[in-house]
Amino acid sequence: MDTEIKRNSNVVYNCHYHVVWVPKYRRKVLLNPIDVRLKELIIETIQKWKQECVEVEVMPDHVHLLVGCDPQFGIHKLIRLIKGFTSHQLRQEFPDLKKKLPSLWNNSYYVGTTGGVTLEVVKRYVESQKGK
């Protein structure tokens, strides 16, 4: 995990976010092998846009993501890209998803910064979600 200060041409930053989103109607459709593929796609998207994936856990009815994001890129843009790409790919690779849901993701999501507690505390929380 990289928690050092980062830079771009205009900003010096260290921004990490805890993001949670759910499938439409909170349906429990993120089961094996969909959950494994979703995790791969999330990591791939974050890396493609040169952001930092700290931790990701896929539950049957929601996703937890701990991510570092350049404030000029914007967490809202990153989540929009992740949800759009993963919905498109998963619905192509798993046609049953199209039958079960009109669209894969609910439009909304939760996002919180990790500034109130240490990044390690939030990381342990996200990791512990898989066992529940």
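Helices and strands here are DSSP runs, numbered from the N terminus; a helix is H or I with at least four residues, a strand is E with at least two. With that, we can place P33: this proline is found in the loop between β3 and α1. One caution before going on: this is a predicted model.

Stay with that loop for a moment. The peptide bond from N32 to P33 is cis, with omega near 5 degrees. R26 has its place in the loop between β3 and α1 as well. Its phi is near 50 degrees, a positive value in a residue other than glycine. For context, most residues other than glycine have a negative phi, and most peptide bonds are trans.

R26 has a partner. Its side chain meets that of D61 in a salt bridge, at 3.0 Å from N to O. What does this pair tie together? D61 lies in the loop between β4 and β5, and R26 in the loop between β3 and α1, so the salt bridge links parts that are 35 residues apart in sequence. The structure holds eight salt bridges.

Now the sheet. Four strands form it, and it is open. The order is β4-β5-β3-β6, with antiparallel pairing. The edges are β4, residues 52–59, and β6, residues 110–113; each of them pairs on one side only. Neighbouring strands are turned by 15 degrees against each other on average, direction ignored. Take one pair in detail. β4 runs antiparallel to β5, residues 62–68, and seven bridges join the two. C53 has V67 in β5 as its bridge partner.

Next, the helices on the sheet. α1 lies across β3, β4 and β5. Against β4, α1 runs at about 160 degrees. α2 packs on the sheet too, touching β3, β5 and β6. The direction of α2 makes about 40 degrees with that of β3.

Finally, helix against helix. α1 covers residues 34–48 and α2 covers residues 75–93. How do their axes cross? They come within 9 Å, at roughly 140 degrees. Angles over 145 degrees would count as roughly antiparallel. The two helices are therefore oblique to each other. The crossing of α1 past α2 is right-handed.

Which residues meet there? From α1, we have I34, R37, L38, L41, I42, E44, T45 and I46. From α2, they meet L78, L81, I82, F85, T86, Q89, L90 and E93. By class, the contact has 10 nonpolar, three polar and three charged residues.

Notes. Residues numbered from 1 in each chain as written. Predicted model: local features only at pLDDT ≥ 70, side-chain atom pairs only at ≥ 80, totals over all residues. Heavy atoms only, no water. Axes fitted to C-alpha atoms, helices over the stretch in contact; angles between N-to-C directions. Parallel < 35°, antiparallel > 145°, perpendicular 65-115°, else oblique. Left-handed = near helix turned anticlockwise from the far one by under 90°. Contact = heavy atoms within 4.5 Å. Nonpolar A, V, L, I, M, F, W, Y, C, P; charged D, E, K, R; others polar. Pairing = 2+ DSSP bridges. Salt bridge = Lys/Arg side-chain N within 4 Å of Asp/Glu carboxyl O.
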